[in-house]
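Let's take a walk through this model together. Have the sequence and the coordinates open side by side, and follow along residue by residue.

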Amino acid sequence: MLEKKKSNAKGPIPVSKPVVKAPAIGKGKRKKVPTASKAEDACHYCHEKGHQKRNCPKFLVSVQGQSRLVSYLLDLIHSNVCRPFNTQARCGFIYFITFTDAQSQYGYVYLMKCKSEAFEKLKEFRLEVENQTGHKIKTLRSDQGGEYLSGEFLNYLKRMEFSQWTPPGTPPANSVSKRGNGNLLDMVRSMMSFTELPLYFWDYALEMATKLLNMALSKTVAKTLCEILHGKPASYKYLKVWRSPRTLRD
């Protein structure tokens, strides 16, 4: 048998260092970075600490100044069509279109069965609001959605000369309508979650949410939206608690 050769090296046998594996973070995950509290965060508008942009006094003053650029009612109307609902309402509605006055921030909502009804809803809205206020619509701002680009719709806008398009792919340019639709959808989801009614009653919740927003106070406007548009404060006597039992009479 062959004998093993003895090592001539003297001293301790070198020991390799243990390999320490880094903790697995996971694909696509990032380490959590400690963030400062809201009180320590700096405002993105004035760069002062202690408040956020939505509560910044300077930002609210600037927003009020921008709203004053529209001096009269119906000088600028924001419009947008909301995405379809998964549940069809009792009358077959799955869409709704909104019209918001830039000066008073008063909103109108019209239910639709399909997007092609946007043209008819615009004419209905124009007749209603011009008869109520005595003013004429000067500008209609909307995105370049297909419902606004039909032949009869474009011909109507050219004849009336009050169309204004936002650039494609820029939702912030039409942020008034986008935020308004988002607020309405949040209110509808909340209202339907507190009741046992079937989901196809969402159209009633949508109309009620629109009325509540028009009757509520806003940070940017000193009066209620209903008071600005109609010239008198809104009445809250007929309001009832949502999901409260009622008796139907013939």
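Gln 105 counts as partly exposed, at 30% relative accessibility; here buried means under 20% relative accessible area, exposed over 50%, and partly exposed in between, with a 1.4 Å probe and protein chains only. You will find Gln 105 in the loop between E2 and E3. Helices (H or I, at least four residues) and strands (E, at least two) are DSSP runs, numbered from the N terminus. The phi of Gln 105 is near 65°, a positive value in a residue other than glycine. Leu 74 also has a positive phi, of about 65°, although it is not a glycine. Leu 74 lies in the loop between helix H1 (57–67) and E1, and with 1% relative accessibility it counts as buried.

A word on what you are looking at: this is a predicted model, in which local features need pLDDT of at least 70 and side-chain atom pairs count only at pLDDT 80 or more, while totals for chains, interfaces and linings use all residues. Residues are numbered from 1 along each chain as its sequence is written, and side-chain values use heavy atoms, with hydrogens and water left out.

From Leu 74, step on to strand E1 (77–81). Five of the five residues of E1 are buried, so the strand is largely enclosed by the rest of the structure. In a regular strand the side chains alternate between the two faces of the sheet. In E1 both faces are covered: Ile 77, Ser 79 and Val 81 are buried on one side, and His 78 and Asn 80 are buried on the other. E1 runs antiparallel to E2, joined by five bridges, and parallel to strand E4 (residues 140–142), joined by two bridges; two strands pair if DSSP finds at least two bridges between them. To place these pairings in your viewer, note that Ser 79 stands opposite Phe 99 in E2, and that the bridge partner of Ile 77 in E4 is Leu 140.

Stay with Ser 79 for a moment. Its relative accessibility is 0%, so Ser 79 counts as buried. Its side chain reaches the backbone oxygen of Thr 98 at 3.3 Å. This is a polar contact, that is, a pair of N or O atoms within 3.5 Å; within protein, one must be able to donate a hydrogen and the other to accept it, and residues adjacent in sequence count only if both atoms are side-chain atoms. Leaving aside neighbours within four places in sequence, Ser 79 is in contact (heavy atoms within 4.5 Å) with residues including Phe 99, Leu 140, Tyr 148 and Asn 174.

What holds the nonpolar side chains together? A nonpolar core is a set of buried Ala, Val, Leu, Ile, Met, Phe, Trp, Tyr and Cys residues joined through side-chain atoms within 4.5 Å. The largest one has 28 residues, of which Ile 97, Phe 99, Tyr 108 and Phe 125 touch the most other members. Strands E1, E2 (95–101) and E3 (107–112) each give two or more residues to this core, as do helices H2 (118–133), H3 (151–160) and H6 (225–230). H2 gives the most, with five residues. Phe 125 touches Ile 77, Phe 99, Tyr 108, Tyr 110 and Ile 137, not counting residues up to four places away in sequence. Apart from this core lies another, of 15 residues, among them Cys 82, Leu 111, Trp 202 and Ala 209.Now turn to the charged residues of H2. A search of the whole structure finds six salt bridges, a salt bridge being a side-chain nitrogen of Lys or Arg within 4 Å of a carboxyl oxygen of Asp or Glu. One of them joins the side chains of Glu 124 and Lys 121 (3.8 Å, N to O). Being three residues apart in helix H2, Glu 124 and Lys 121 are separated by about one helical turn. Glu 124 is partly exposed, with a relative accessible area of 38%, whereas Lys 121 counts as buried at 17% relative accessibility.

Arg 126 is also in helix H2, and its side chain meets that of Glu 130 in a salt bridge (3.2 Å, N to O). Glu 130, buried at 11% relative accessibility, forms a salt bridge with Lys 136 too, the closest N and O atoms being 3.6 Å apart. Lys 136 is exposed, with a relative accessible area of 56%. Arg 126, Glu 130 and Lys 136 are thus linked in a network of salt bridges. The side chain of Arg 126 makes a polar contact with the side chain of Tyr 156 as well (2.9 Å).
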